[in-house]
Amino acid sequence: MTEQARTLYLDGRNQLISEKIQEGTVDTAPLYPREVVRGALEAGASALILIHNHPSGDPTPASADISVTRVVVEAAKVFDISVHDHLIVGRGEVFSMRGRGLL
């Protein structure tokens with residue numbers, strides 16, 4: 001299994017309008033803040049949700065997961081785009097950064 005990163009782009013009513021999938025390796029998937037925000041602007045999105053899996057099965061975020069999420073949040077704010085959550089999927093569990101107070 002490899003890591004994948006998905007970005008869900010939402011309109012003003014939180015309806016899905018576009019999705020981007022990035023394929024990764026066994027322990028990382030590329031998530032570039034510039035590309036995330038560019039995708040939101042191209043889609044005309046008002047909000048987005050980040051999702052990625054941890055093939056290890058442990059959904060606990062790495063420090064890199066937390067820091068890149070914070071950069072995306074700050075970059076999106078410049079364009080009045082909300083980041084609703086960053087979800088990390090593990091074996092039978094989902095970690096919500098918003099739910100854990102990390103957003």
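This passage describes the sheet, the helices packed on it and the largest pocket of a predicted model. Residues are numbered from 1 along each chain as its sequence is written. In this predicted model local features need pLDDT of at least 70 and side-chain atom pairs count only at pLDDT 80 or more, while totals for chains, interfaces and linings use all residues.

Five strands (DSSP runs of E, at least two residues, numbered from the N terminus) make up an open sheet of mixed pairing, in the order β2-β1-β3-β4-β5, where two strands pair if DSSP finds at least two bridges between them. Because β2 (16-23) and β5 (94-96) each have a single partner strand and stand at the edges, one side of each is left without a neighbour in the sheet. From one strand to the next, the twist averages 20°, with angles running from 0 to 180 degrees between the N-to-C directions of axes fitted as lines to C-alpha atoms, for helices over the stretch in contact. Three bridges join β4 (residues 82-89) to β5 in the antiparallel sense, and Ile-88 has Phe-95 of β5 as its bridge partner.

Two helices (DSSP runs of H or I, at least four residues) lie across strands of this sheet, contact meaning heavy atoms within 4.5 Å. Helix α1 (residues 33-43) lies across β1 (4-10), β2 and β3 (47-53), at about 35° to β1, whereas helix α2 (residues 63-78) lies across β3 and β4 and runs at about 160° to β4.

Helix α2 also gives the most to the lining of the largest pocket, with three residues.

Definitions and conventions:
Heavy atoms only, no water.
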